[in-house]
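Okay, thanks everyone for squeezing in. I'll put the structure up, and then we can walk through the ligand site and what packs in the interior.

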Amino acid sequence: MFNPMYGEFAAEYAAAIRDNSYNAHYERPSLRALLPDLQGKKVIDLGCGPGEYAAYLVSLGATVTAVDASAEMISLVQQKLGNNVHAYQQDLTFGVPDEADRSFDLAVSPLMIHYLEDPTPLFREVKRILKPEGQFVFSTHHPFMDYEFSPSGNYFLTEKIVDEWNTLGRPTRVEYFRRPLSALMKSLFDAGLCMVEMSEGKPDEQMQQSDPESYQRLSTAPGFLFLKCRVM
Ligand SMILES: C[S@@+](CC[C@H](N)C(=O)[O-])C[C@H]1O[C@@H](n2cnc3c(N)ncnc32)[C@H](O)[C@@H]1O
């Protein structure tokens with residue numbers, strides 16, 4: 001699935017999410033709250049984008065592998081972090097065939113799996129590459145938020161959504177998949193992963209000043225879903 005925001009407009013996207021409401025003041029603090037101690041840990045970042053997470057993980061002492069389908073995003077990560085991360089281009093629809101079994105303490109995947117029609121094969125790969133005590137922490141669109149955009153009005157279908165987002169300050173076409181909560185859970189269980197912690201996110205206090213409208217919305221309705229999983 002090609003989204004220009006992550007390809008030709010990758011540099012603009014990188015600048016836009018550095019300090020915006022949904023990523024910097026809602027998604028990142030909510031997902032970080034689920035992360036374990038990172039010192040000395042081997043971490044893989046699946047769908048790394050421009051490397052906001054990779055930089056954070058490295059700053060806390062992790063050894064980081066960063067993977068993304070977009071060559072432009074990988075190039076931004078390499079420019080920003082150089083030899084401090086191992087970054088490479090890979091379509092995660094096909095997993096991470098270059099990674100060894102049981103080799104990571106932690107896999108993270110912030111806001112990526114809704115670009116996959118079926119995340120089960122990737123979840124199986126996550127199980128394969130995690131050490132037995134490893135953890136998988138990811139975020140995705142909350143199924144209740146996305147239901148509003150269902151073309152069919154049938155919550156129980158998995159559907160492609162074509163939309164326009166204003167992340168870059170102008171309407172930019174984006175495609176992703178919405179799915180019911182049960183389908184997401186089934187994919188995890190089928191892959192041999194079990195959920196150990198879940199959050200529906202919380203905007204930080206700074207957003208109350210910088211973007212009171214989004215703060216009000218995200219304080220009263222779900223936006224993203226945050227899951228921490230382990231190998232079953
Ligand atoms: C919303 S961005 C999130 C970036 C980063 N995780 C963050 O939170 O800052 C989604 C990222 O997923 C990547 N992506 C989408 N589909 C992918 C796929 N099939 N394989 C690998 N990466 C993919 C995009 O290129 C993009 O960089």
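So, start at G47: one of its backbone N or O atoms sits 2.7 Å from a ligand nitrogen. That's a polar contact, meaning a pair of N or O atoms within 3.5 Å. Bear in mind this is a predicted model, where local features need pLDDT of at least 70, side-chain atom pairs count only at pLDDT 80 or more, and totals for chains, interfaces and linings use all residues. Residues are numbered from 1 along each chain as its sequence is written, and side-chain values use heavy atoms, with hydrogens and water left out.

P110 also uses a backbone N or O atom, 2.9 Å from a ligand nitrogen. With D91, a side-chain N or O atom is 2.9 Å from a nitrogen of the ligand. On its own the ligand exposes 600 Å², and the protein buries 95% of that (Shrake-Rupley areas, 1.4 Å probe).

Who's around it? The ligand has 20 residues surrounding it, each with a heavy atom within 4 Å. The closest are G47, D68, D91, L92 and P110. By class, that shell has 13 nonpolar, five polar (Gly counts here) and two charged residues.

Now the interior. The largest nonpolar core has 28 residues, with L35, L38 and L106 among those with the most contacts inside it. By core I mean buried nonpolar residues (under 20% relative accessible area, 1.4 Å probe, protein chains only), joined through side-chain atoms within 4.5 Å. There's also a second, separate core of 26 residues, including L46, L92, L116 and M185. Remember L92: that one is also among the closest residues to the ligand.

Key: Polar contact = N/O pair within 3.5 Å; in protein donor to acceptor, adjacent residues only side chain to side chain. Buried < 20%, exposed > 50% of the residue type's maximum accessible area, 1.4 Å probe, protein only.
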